[in-house]
Amino acid sequence: MSSPPLQDGPVAPRPGQATVEQDSIALDRAAVSLSCLPFRRAFFDELNQRPISSQELCQRADWPSLVFAPFGVERAEAHFNWLIRLGVLRREVDGQGLTERVRLTPLGRQVLERWPGEIPRAGLRERIHENFRRHRPRF
């Protein structure tokens, strides 16, 4: 009986199996996005404890401790949706399905481990580049 031939080069990951390089790219992409968004570290720390909706965030009296600048519910939802696409946040699920609340994912916790304190703010050039990548990905 002969054994199967050896493959030359790297073995392709199985479907659904991320490589270390893909994980690193996802972490880096999420880290850049977090530094470009208006959320403070306290916001993500709170999401790690309990889910928050965009409406709840915008109505809170202590919003300056959670975000750098005020914004409306629609803008908060747009930021949430972007962070969901990146894998940093996920929608909370209850007995009837998805809710409007979001929660931090394991990837989000990994990204936050990079910074012991406040998330460093990105410079103007990085924010412009991130804005193009987010709103004009094919540009």
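**View 1. His129 counts as exposed, with a relative accessibility of 55%.** This is a predicted model, so keep that in mind for every view here. The cut-off for calling a residue exposed is over 50% relative accessible area, which is why His129 earns the label at 55%. His129 belongs to helix α6. Look for Cys36 as well: the two residues sit 93 positions apart in sequence, yet His129 and Cys36 are 9.7 Å apart in space, C-alpha to C-alpha.

**View 2. Helix α4 meets helix α6 at roughly 80°.** Helix α4 covers residues 73-86 and helix α6 covers residues 124-135, and their axes come within 12 Å. Angles of 65 to 115 degrees count as roughly perpendicular, so α4 is roughly perpendicular to α6. Who does the touching? On the α4 side the contact is made by Arg75, Ala78, His79 and Trp82, and on the α6 side by Glu130, Arg133, Arg134 and His135. Sorted by class, that contact of α4 with α6 has 4 charged, 2 polar and 2 nonpolar residues.

**View 3. Phe39 and Phe43 stack on each other.** A pair of aromatic rings is described by how far apart the centres are and by the angle of the planes. For Phe39 and Phe43 the numbers are 4.3 Å centre to centre and 15° between the planes. Planes under 30 degrees apart count as stacked, so that is the label for Phe39 and Phe43. Are these two residues buried or exposed? Phe39 and Phe43 are both buried.

**View 4. Phe39 also pairs with Phe71, this time edge-to-face.** The ring centres of Phe39 and Phe71 are 5.8 Å apart with the planes at 90°, so the pair counts as edge-to-face. This pair links distant parts of the chain, 32 residues apart. Phe39 comes from the loop between α1 (20-36) and α2 (41-49), while Phe71 comes from the loop between α3 (54-59) and α4. Phe39 and Phe71 are both buried. Zoom out a little and there is one aromatic cluster, formed by Phe39, Phe43, Phe44, Phe71 and Phe80. The count of aromatic pairs comes to 6.

**View 5. An arginine lies over a phenylalanine ring: Arg121 on the face of Phe68.** The distance to keep in mind is 4.2 Å, taken from Arg121 to the ring centre of Phe68.

**View 6. Glu46 in helix α2 is a buried residue.** Its relative accessible area is 17%, and buried means under 20%, so Glu46 makes the cut. Which residues does Glu46 touch, leaving aside those up to four places away in sequence? They are Ile52, Arg60 and Leu66.

**View 7. Asn81 of helix α4 is partly exposed.** The relative accessible area of Asn81 is 38%. Partly exposed is the band between the buried limit of 20% and the exposed limit of 50%, so Asn81 falls in that band. Arg91 is worth picking out too: Asn81 and Arg91 are 10 residues apart in sequence and 9.3 Å apart in space, C-alpha to C-alpha.

**View 8. The whole chain, for orientation, has 6 helices and 3 strands.** Read from the N terminus, the elements go α-α-β-α-α-β-β-α-α. The chain has 139 residues, and 35% of them count as buried. Among contacts with a separation of 6 or more, 60% come from residues 24 or more positions apart.

Terms used: Residues are numbered from 1 along each chain as its sequence is written. This is a predicted model: local features need pLDDT of at least 70, side-chain atom pairs count only at pLDDT 80 or more; totals for chains, interfaces and linings use all residues. Side-chain values use heavy atoms; hydrogens and water are left out. Axes are lines fitted to C-alpha atoms, for helices over the stretch in contact, and angles run from 0 to 180 degrees between N-to-C directions. Helices (H or I, at least four residues) and strands (E, at least two) are DSSP runs, numbered from the N terminus. Angles under 35 degrees count as roughly parallel, over 145 as roughly antiparallel, 65 to 115 as roughly perpendicular and the rest as oblique. Contact means heavy atoms within 4.5 Å. Ala, Val, Leu, Ile, Met, Phe, Trp, Tyr, Cys and Pro count as nonpolar, Asp, Glu, Lys and Arg as charged, and the others, Gly among them, as polar. Rings of Phe, Tyr and Trp (its six-membered ring) pair if their centres lie within 6.5 Å; planes under 30 degrees apart count as stacked, over 60 as edge-to-face and the rest as tilted. Buried means under 20% relative accessible area, exposed over 50%, partly exposed in between (1.4 Å probe, protein chains only). A charge sits over a ring if NZ of Lys or CZ of Arg is within 6 Å of the ring centre and within 35 degrees of the ring normal.
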